[in-house]
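Let's walk through a protein model together, step by step. Take a look at the picture first, and then we will go from the whole chain down to single residues.

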Amino acid sequence: MGLGAFIILIAVGAILTFASDWQMEGVNLDLVGLILMAVGIIGTAAYVSVLRRRRMIVPPVAAPTTVTEDDRRDLL
């Protein structure tokens, strides 16, 4: 699932919870909406966390330098 799917879950959950007055026997649409919003928020947070880790730039490790006999003579 992408970020867009999680945002859609949040939107559908909000519509079911706050903007609908439908009644279904045996189903509490307010609770279903709250669950969809919670899943959308948790999914968005997890997605952003993974995306942030992927974009971290790790500085390259400097290659070790080798010292030869000629370099040592130059230093003396």
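A good place to begin is with how much of the chain is hidden: of its 76 residues, 16% count as buried. Keep in mind that this is a predicted model. The chain exposes about 6600 Å², and 66% of that area is supplied by carbon and sulfur atoms.

Now follow the chain from its N terminus. The elements run α-α-α, which fits a count of three helices and zero strands. How do residues that are far apart in sequence come into play? Among the contacts with a separation of 6 or more, 56% are between residues 24 or more positions apart.

Since the model is predicted, it helps to ask where the predictor is confident. The average pLDDT of the chain is 83, and 71% of the residues score at least 70. Confidence is highest in helix 1, at 94, and lowest in helix 3 (residues 69–75), where the mean is 58. Please read helix 3 with that mean of 58 in mind.

Let's zoom in on one residue of helix 1, which spans residues 3–19: Thr-17. Is Thr-17 buried or exposed? Its relative accessible area is 14%, and because buried means under 20%, Thr-17 counts as buried. What does Thr-17 touch, leaving aside residues up to four places away in sequence? Its partners are Asp-30, Gly-33, Leu-34 and Met-37. Thr-17 also has a polar atom in its side chain that lies 2.9 Å from the backbone oxygen of Gly-13.

Next, turn to the surface. Leu-3, Ile-7, Tyr-47 and Val-48 make a nonpolar patch of about 310 Å². Which helices build this patch? Helix 1 and helix 2 (29–55) each supply at least two of its residues. Take Ile-7, a patch member that lies in helix 1. Its relative accessibility is 48%, so Ile-7 counts as partly exposed, given that this class runs between 20% and 50%.

Finally, visit two residues of helix 2, Ile-42 and Ala-45. Ile-42 has a relative accessible area of 60%, and since exposed means over 50%, Ile-42 is exposed. Ala-45, at 48%, counts as partly exposed. Both can be compared with Phe-6, far back along the chain. Ile-42 and Phe-6 are 36 residues apart in sequence, while their C-alpha atoms are 8.6 Å apart in space. For Ala-45 and Phe-6, the gap along the chain is 39 residues, and the C-alpha atoms are separated by 9.6 Å.

To retrace the route in the picture, start at Thr-17, buried at 14%, move to the nonpolar patch with Leu-3, Ile-7, Tyr-47 and Val-48, and end at Ile-42, exposed at 60%.

How values were computed:
Residues are numbered from 1 along each chain as its sequence is written. This is a predicted model: local features need pLDDT of at least 70, side-chain atom pairs count only at pLDDT 80 or more; totals for chains, interfaces and linings use all residues. Side-chain values use heavy atoms; hydrogens and water are left out. Helices (H or I, at least four residues) and strands (E, at least two) are DSSP runs, numbered from the N terminus. Buried means under 20% relative accessible area, exposed over 50%, partly exposed in between (1.4 Å probe, protein chains only). A polar contact is a pair of N or O atoms within 3.5 Å; within protein, one must be able to donate a hydrogen and the other to accept it, and residues adjacent in sequence count only if both atoms are side-chain atoms. Contact means heavy atoms within 4.5 Å. Patches are made of residues with over 30% relative accessible area and no salt bridge: like charges are joined within 9 Å, nonpolar side chains (Val, Leu, Ile, Met, Phe, Trp, Tyr) within 5 Å. Accessible areas come from the Shrake-Rupley method with a 1.4 Å probe; for residues, only the protein chains shown count as cover. A salt bridge is a side-chain nitrogen of Lys or Arg within 4 Å of a carboxyl oxygen of Asp or Glu. pLDDT is the predictor's confidence in each residue, from 0 to 100.
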